[in-house]
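Subject: Structure handover and notes

Dear colleague,

I am passing on the structure we spoke about, together with my notes on it. Please have it open while you read, since the notes go through it part by part.

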Amino acid sequence: MSTQPETWSRRLWQEIEPTFTAILVHPFVTGLTDGTLATDVFAHYLAQDVHYLRDYARALAIVGAEALPLTDTAMFARHAAAVLDVELDLHGRLLPALGLPAVTEDEAGAMPTTRAYTSYLLATAYGGSFAEGLAAILPCYWIYERVGAALLANGSPDSRYQSWIDSYGG
């Protein structure tokens with residue numbers, strides 16, 4: 001009987017299993033999938049996500065600029081552009097669907113937690129090595145991919161939330 005080899009990333013996932021489970025049962029996530037999430041809570045999230053995505057795209061571009069193979073530089077540049085083109089466009093459509101005006105990041109203002117996280121990402125990308133910048137941005141890729149898959153599997157009875165889930169899960 002063969003077993004899969006223990007890899008570093010598999011070990012990391014095993015170590016964070018309680019945290020990942022807590023994410024999946026968080027009231028925000030369950031409210032999205034059962035349709036009970038308050039509209040103003042979702043709108044607040046979207047406004048903060050604009051700040052996060054803007055700085056995450058910058059961090060991706062910085063990390064990409066430090067990548068050695070040009071193929072990696074191009075991949076990070078495409079991902080940074082997709083953040084701005086796809087995700088921020090979705091936010092601009094979802095806020096009016098929630099009965100709220102599309103808000104710019106300057107109007108909403110970043111909350112301290114958002115600012116702390118994005119400041120960390122940018123400081124690490126600017127001041128650290130390629131490996132350090134990559135280590136800072138990878139958790140977002142990894143967690144969003146798995147949470148997105150779980151959200152897609154559950155769906156939402158609220159079409160506005162389902163629209164976001166469809167994009168997030170993709």
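The notes below take up the helices, the nonpolar cores and a few single residues in turn.

Please keep in mind throughout that this is a predicted model.

I begin with the N-terminal part of the chain. The axes of helix 1 (residues 8-15) and helix 2 (residues 17-24) come within 4 Å of each other and cross at roughly 60°. That angle makes helix 1 oblique to helix 2. The contact between these two helices is made by Trp-13, Gln-14 and Glu-15 from helix 1, which meet Glu-17, Pro-18 and Phe-20 from helix 2. Of these, Pro-18 is exposed, because its relative accessible area is 59%, and exposed residues are those over 50%. Pro-18 also lies 16 Å from Tyr-144, C-alpha to C-alpha, although 126 residues separate the two in sequence.

Helix 3 comes next, and here the buried residues are Phe-28, Val-29, Gly-31, Leu-32 and Thr-33. They pack against helix 2, helix 4, helix 8 and helix 9. Within this group, Gly-31 has a relative accessibility of 2%, so it counts as buried. Leaving aside residues up to four places away in sequence, Gly-31 touches Thr-36, Leu-37 and Tyr-161. The C-alpha atom of Gly-31 is also separated by 8.8 Å from that of Ser-156, which is 125 residues away along the chain. After helix 3 comes Gly-35, which has a positive phi, near 80°.

Turning to the interior, the largest nonpolar core has 20 residues, and those with the most contacts inside it are Leu-32, Phe-42, Leu-46, Leu-151 and Trp-164. Two or more residues of this core are given by each of helix 3 (27-34), helix 4, helix 5 (70-97), helix 8 and helix 9 (159-169). The largest share, four residues, comes from helix 9. Trp-164 shows how these parts of the chain meet, for, not counting residues up to four places away in sequence, it touches Leu-32, Phe-42, Tyr-45, Leu-46, Leu-90, His-91, Leu-94 and Leu-151. Apart from this core lies another, of 17 residues, which includes Ala-59, Val-63, Phe-76 and Leu-121. As a general point, nonpolar side chains in soluble globular proteins tend to be buried together.

The last element I looked at is helix 7. At 1.5 Å a residue, its 16 residues (112-127) should span 22 Å, and the C-alpha atoms at its ends are 21 Å apart, which agrees. The buried residues of helix 7 are Thr-114, Thr-118, Leu-121, Leu-122, Thr-124 and Ala-125. Because they cover an arc of only 165° around the axis, they are on the same side of helix 7. On the other side, Pro-112, Thr-113, Tyr-126 and Gly-127 are exposed. The cover over the buried residues of helix 7 includes helix 4 (39-66) and helix 8 (130-154). Thr-114 is one of those buried residues, with a relative accessible area of 14%, where buried means under 20%. Again not counting residues up to four places away in sequence, Thr-114 touches Gln-48, His-51 and Tyr-52.

With best regards

How values were computed. Residues numbered from 1 in each chain as written. Predicted model: local features only at pLDDT ≥ 70, side-chain atom pairs only at ≥ 80, totals over all residues. Heavy atoms only, no water. Expected span 1.5 Å × (residues − 1). Buried < 20%, exposed > 50% of the residue type's maximum accessible area, 1.4 Å probe, protein only. Arc of directions from axis to C-beta. Contact = heavy atoms within 4.5 Å. Core = buried A, V, L, I, M, F, W, Y, C linked by side-chain atoms within 4.5 Å. Axes fitted to C-alpha atoms, helices over the stretch in contact; angles between N-to-C directions. Parallel < 35°, antiparallel > 145°, perpendicular 65-115°, else oblique.
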